[in-house]
Structure formats: structure tokens, C-alpha cells
Amino acid sequence: MTGAGVRLVRKVSSTRAFARLAPHVIPALDRAVHRLTGGKVLLSARMLPGLVLICRGARSGRERRVPLACLPEGPGAASWLLVGSNFGRPGHPAWTANLLAHPDAEVSWRGATVPVRARLLTGEERAAAWSAAVRFWPPYATYQARIEREIRLFRVTRRG
């Protein structure tokens with residue numbers, strides 16, 4: 001995507017209209033394309049790196065598959081930063097409660113399923129990760145500015 005295209009997507013994704021519509025459309029499209037391509041393609045990854053988080057529901061214990069934007073960290077993506085922005089909506093996204101209840105999960109990353117352990121970031125570690133996330137995708141700052149809750153940040157790291 002060109003620089004102008006990225007700027008346009010950032011601007012559009014910062015709007016309240018996008019926050020109302022995107023949660024109903026983008027994850028459904030991502031799940032369908034991911035399933036049809038055997039885990040090799042996420043449409044939203046054309047704009048941002050993405051993965052599919054495979055975790056257990058906090059209350060149900062059922063498997064949940066959630067397509068998410070991510071910030072790969074380290075060589076060979078030894079870990080990923082996940083931002084619980086929920087497109088700037090008031091409530092925390094369900095996947096964050098799932099990781100708090102069941103931190104051992106998996107991610108589907110570029111066609112491979114990787115076992116991971118999630119950790120909620122706090123304090124200085126969260127501040128540094130938040131700064132990196134906002135540099136990576138500036139609309140996160142817009143999302144945080146329009147909600148009262150603190151956006152949850154997780155680092156998911158390869159297990160074993």
C-alpha cells in the first residue's frame with residue numbers, strides 16, 4: 001500500500017463510524033479468508049501485520065478464534081504485541097478476558113500454528129509497549145482518547 005493509502009486508512013480507521021461498523025465486518029471477513037486459505041491469508045494483514053489468536057473462552061472454555069492486528073517483536077517473531085483497542089469502543093474486547101483467564105493459547109502466524117503464553121503488560125513495560133504501538137498504528141491514540149478505560153496490552157511469547 002502506498003503512503004497516501006496508509007494515511008487514508010489511518011484517517012478512516014480513527015472515525016467513530018469505522019468503530020461502529022468494523023467490528024462486525026472485518027473479523028468475519030478475516031475468519032472466512034483465513035479458513036479458506038488454510039491459515040495463510042488475512043485480508044486485514046494487507047494494512048497491518050495480523051494473526052489469529054486461538055484461545056479458550058473465559059467462561060465457556062470453548063475454543064475461540066480471533067483475527068487481530070499485531071506488532072511482531074524480535075527476529076523471527078519470537079513474540080507479538082496485541083492491543084485490546086476494540087476499535088475505540090467502551091468495553092474491553094472479549095479476547096482480553098479470555099487471555100486473562102487462560103494465558104496459554106496459540107496463534108496462527110503466516111500459516112503456522114504457534115503455542116504462546118500471554119501476559120498483560122503494566123507499568124513501565126506497558127508504557128514502552130504503548131509508545132511502540134502508537135508509533136506503529138497512530139489510530140490507537142485516537143481510540144484511547146475517546147474512551148475512559150485503559151486499553152489492555154498483551155505480549156504473547158512462543159512457548160517451548
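Aspartate 104 forms a salt bridge with arginine 159, and the closest N and O atoms of this pair lie 4.0 Å apart. The contact joins distant parts of the chain, since aspartate 104 belongs to strand S5 (residues 104-109) while arginine 159 sits in the segment after S7, 55 residues apart. Aspartate 104 counts as partly exposed because its relative accessibility is 35%, and arginine 159, at 32% relative accessibility, likewise counts as partly exposed. The model described here is a predicted one, and a search of the whole structure finds seven salt bridges.

Arginine 155 takes part in salt bridges with two glutamates, glutamate 73 and glutamate 125. The bridge to glutamate 73 links strand S3 (residues 71-73) with strand S7 (residues 152-158), where arginine 155 is found, across a separation of 82 residues. The bridge to glutamate 125 ties helix H4 (residues 123-136) to strand S7, with the two partners 30 residues apart. Arginine 155 counts as buried because its relative accessibility is 16%, whereas glutamate 125, at 31% relative accessibility, counts as partly exposed.

The table lists the three pairs with their N to O distances.

| Acidic residue | Basic residue | N to O distance |
|---|---|---|
| Aspartate 104 | Arginine 159 | 4.0 Å |
| Glutamate 73 | Arginine 155 | 2.6 Å |
| Glutamate 125 | Arginine 155 | 2.9 Å |

Glu73, Glu125 and Arg155 are also, together with Arg119, members of a network linked by salt bridges.

Conventions:
Residues are numbered from 1 along each chain as its sequence is written. This is a predicted model: local features need pLDDT of at least 70, side-chain atom pairs count only at pLDDT 80 or more; totals for chains, interfaces and linings use all residues. Side-chain values use heavy atoms; hydrogens and water are left out. A salt bridge is a side-chain nitrogen of Lys or Arg within 4 Å of a carboxyl oxygen of Asp or Glu. Helices (H or I, at least four residues) and strands (E, at least two) are DSSP runs, numbered from the N terminus. Buried means under 20% relative accessible area, exposed over 50%, partly exposed in between (1.4 Å probe, protein chains only).
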